[in-house]
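Here's a quick look at aromatic ring pairs and cysteines in one protein model. Have the viewer open while you read.

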Amino acid sequence: MSDAVLDHAEATGRRRGRRAGLGLRLRQHAGILGSLALFIALYLFYQANHPRGFTGQILIQNANEAFALALVSMAQTVPVLMAGLDLSVGAVMTLSGCIASHLVNGSPVEIAFGLAACIAAGAICGFINGCIVVYGRIQPIIATLATSAIYMGFALILRPTPGGKVHEDLSWAMTNDVREFAATFGLFDDGEAAWLQPFAWIPVPLILLAIIILVVWVPFTRTVTGRTVYAIGSSEGAAYMSGLPVHRAKLAAFTLAGLFAGLGGLFLALQTSSGNADIPQAGAYTLNSIAAVVIGGTSLLGGTGSAIGSVIGAFVLRTISFNFRIFDIAPLLQPLFEGIVLLAAVSLGGLKLLRLKNKLEVFR
């Protein structure tokens, strides 16, 4: 056989390998890609029908409204990857917001202490959840149902009625675009530096979200602990027999969930400049976080999914709310439509069972 024929066969093999690899990656990320396509379609429809058209202020408003739910959805993703649910994420978010309304004010040192206290409170709440699940051997859904009531109780003690105060400049800077952020703190020629202008219109919440994903989520998934979280969702028994740190992974997962929820509550306090121990609001965030996780392609059976998909799922839910607003549809109908969307997403996820050749795999 000639060299030319061998080269041709080798090149053909490489092309087939690349196509097979691309197809595999598309199948692995089908959930995220599907939710991203749904979000783009819904958001374009929203912008096309908005009476004021696409403006920077509308983008900032949308980003502010989506940010807290995106973080709570990231919080919910971690236990779901282990085939569990965390019903306390809304309560942890609320508790963190109430703490912020007391502490995030005053001098820069006091503000820094307040920010750290809010984030630490969220992480501690998550760590307590993890300890109860691991050492108490209680199902996550039951453990977090109980702790959510406790966290809401602390929130009501701290803030029996809505109120409090958050540093005004910090609140303005964190809920605006990059130019206003720089102008508020006197950075980069008060936000007028030439190199900054291509990015000056970007809402700060979107940048914060990207930073949290890149600095916290992505490194976590690449550690042994992070990979163990996925392994627990696939088969906890197999993960244990393989020598993976199952208990450590569960503690880390719930702590990370609390951290994300605490960040969400902190931002909500910055957005509203107050704290509010609102029980219905906490419950709505918890339920919407589950919906966002499912829409984002994470399996409720555990083992597959990503917090990035959940962020996109949160954007989808918020975009549905935006469309409700511009079409002046009664807010009371919104839970009905969100429930229909959630049911459709869960049903689409269940369709994969029809492709299983071995029916015993259904009961894994």
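What follows covers the ring pairs, then the cysteines, with a table of burial values in between.

Keep in mind that this is a predicted model. How many aromatic pairs does the count come to? The tally is nine aromatic pairs. Take Trp217 and Phe220 as one to look at: their ring centres sit 6.1 Å apart, inside the 6.5 Å limit for a pair. Their planes meet at 40°, and since that is neither under 30 degrees nor over 60, the pair is tilted.

Both Trp217 and Phe220 belong to helix α10, which spans residues 204-221. They're three residues apart there, or about one turn of the helix.

Elsewhere in the ring-pair list, Phe39, Tyr43, Tyr46, Phe315 and Phe322 are linked into a cluster.

So are Trp217 and Phe220 buried or exposed? Trp217 is buried at 3% relative accessibility, and Phe220 is buried too, at 13%. Here they are alongside two cysteines:

| Residue | Relative accessible area | Class |
|---|---|---|
| Trp217 | 3% | buried |
| Phe220 | 13% | buried |
| Cys98 | 0% | buried |
| Cys131 | 22% | partly exposed |

The cut-off for buried is under 20%, so Cys131 at 22% lands in the partly exposed class.

Now for the sulfurs. The structure has zero disulfides. Cys98, for instance, is in no disulfide: its nearest cysteine sulfur belongs to Cys118 and is 9.8 Å away. A disulfide needs the two sulfur atoms within 2.5 Å, so at 9.8 Å Cys98 and Cys118 don't make one.

Technical notes: Residues numbered from 1 in each chain as written. Predicted model: local features only at pLDDT ≥ 70, side-chain atom pairs only at ≥ 80, totals over all residues. Heavy atoms only, no water. Phe/Tyr/Trp six-rings, centres within 6.5 Å; stacked < 30°, edge-to-face > 60°. Helix = DSSP H or I, 4+ residues; strand = E, 2+ residues; numbered from the N terminus. Buried < 20%, exposed > 50% of the residue type's maximum accessible area, 1.4 Å probe, protein only.
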